[in-house]
Amino acid sequence: MPTLDNACRVVVLISGSGSNLQALIDGQIAGELPIRIEAVISNQPDVYGIERAQKHNIPTHVLAHKDYPDRASFDDALASAIDSYQPTLVVLAGFMRILTPEFVRHYTGRMLNIHPSLLPKYQGLHTHQRALDNKDEAHGVSVHFVTEELDGGPIIIQAIVPILEGDTVDTLSRRVQAQEHIIYPMAVDWFAKERLTIKEDSVSLDNELLPKTGHQIDSRTT
Ligand code: GRF
């Protein structure tokens, strides 16, 4: 796979279909993202994301958390696998595991996550259903730096999507995912170009402090 010179070394962690991983692979191939995906690691065997990586000859590992006696030993093994690639950035792309504080601290300022809600709303699971149940008018997705608080770290970017009459979890999640595939590559691009800095609980882009919501893209108006 072609990569730009001085590409940012990235390890991507997945648990599933890997459509966000695909968006990053596509960006790398197109020469639009100054990254090199060094490895893809899944905690679930036989997921489509692994196939996506293999198609592009990206090294893959399956580390099944069920094979480890506890969370700490799994996270130790995971960190060893990640660090063997000496990444500059770790990207959680649908990685469905709660990580230990030690693990998170080890990657402070160099690990990103994507969460399908307009954080701080709806941390945790079933975000689309919760937005529908609450009759929200808008929903969305956030990319944030990972901290010890689950889905709670400083936000880099959010995309807002409308909730439409008759929406189901399926239709709404598809609308959100389309935005995921735009904003995750954007955030990774900014990181790779060293345009992001964390100041206390907020993120700066090109030394301009972003709002607590991060940079916002409103797909209702574009
Ligand atoms: C995405 O919806 C993401 O927001 C959430 O998990 C899902 C991963 O999807 N954290 P994919 O595996 O990238 O297709």
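**Questions on ligand contacts, burial and salt bridges**

An oxygen atom of the ligand is 2.8 Å from a polar backbone atom of Gly18. The model is a predicted one.

Me: What makes the approach of Gly18 to the ligand a polar contact?
Reply: A polar contact requires a pair of N or O atoms within 3.5 Å. The polar backbone atom of Gly18 is 2.8 Å from an oxygen atom of the ligand, so the pair qualifies. An N or O atom in the side chain of Ser17 is 3.0 Å from an oxygen atom of the ligand. For a polar side-chain atom of Gln177 the distance to a ligand oxygen is 3.2 Å. Taken alone, the ligand exposes 370 Å², and the protein buries 85% of that.

Me: Why is Ile163 called buried?
Reply: Buried means under 20% relative accessible area. Ile163 has 17% relative accessibility and therefore counts as buried. Ile163 lies in the loop between E7 and helix H6 (169-192). Leaving aside neighbours within four places in sequence, its contacts include Leu132, Asp136 and Leu172.

Me: How do you know that Asp136 and Lys121 form a salt bridge?
Reply: The definition asks for a side-chain nitrogen of Lys or Arg within 4 Å of a carboxyl oxygen of Asp or Glu. The N to O distance between the side chains of Asp136 and Lys121 is 3.3 Å, so the pair meets this cut-off. This pair links distant parts of the chain, 15 residues apart: Asp136 is in the loop between helix H5 (127-133) and E6, and Lys121 is in the loop between strand E5 (111-115) and H5. Asp136, at 14% relative accessibility, counts as buried, whereas Lys121, at 42%, counts as partly exposed.

Me: Why does Asp151 have no salt bridge with Arg130?
Reply: A salt bridge needs the two atoms within 4 Å. Arg130, the nearest side chain of opposite charge, is 7.2 Å away from Asp151, so the pair does not qualify. Asp151 is buried and lies in the loop between strand E6 (138-145) and strand E7 (155-162). A polar atom of its side chain lies 2.9 Å from the backbone nitrogen of Gly124.

Me: What makes Arg195 and Asp206 a salt bridge, and which parts does the pair tie together?
Reply: Their closest N and O atoms are 2.7 Å apart, which is within the 4 Å limit, so the pair counts as a salt bridge. Arg195 lies in the loop between H6 and strand E8 (196-199) and Asp206 in the loop between strand E9 (202-205) and strand E10 (208-209), so the pair ties together parts 11 residues apart in sequence.

Key:
Residues numbered from 1 in each chain as written. Predicted model: local features only at pLDDT ≥ 70, side-chain atom pairs only at ≥ 80, totals over all residues. Heavy atoms only, no water. Helix = DSSP H or I, 4+ residues; strand = E, 2+ residues; numbered from the N terminus. Buried < 20%, exposed > 50% of the residue type's maximum accessible area, 1.4 Å probe, protein only. Lys, Arg positive; Asp, Glu negative; His and termini not counted. Polar contact = N/O pair within 3.5 Å; in protein donor to acceptor, adjacent residues only side chain to side chain. Areas by Shrake-Rupley, 256 points an atom, 1.4 Å probe, with all protein chains shown as cover. Contact = heavy atoms within 4.5 Å.
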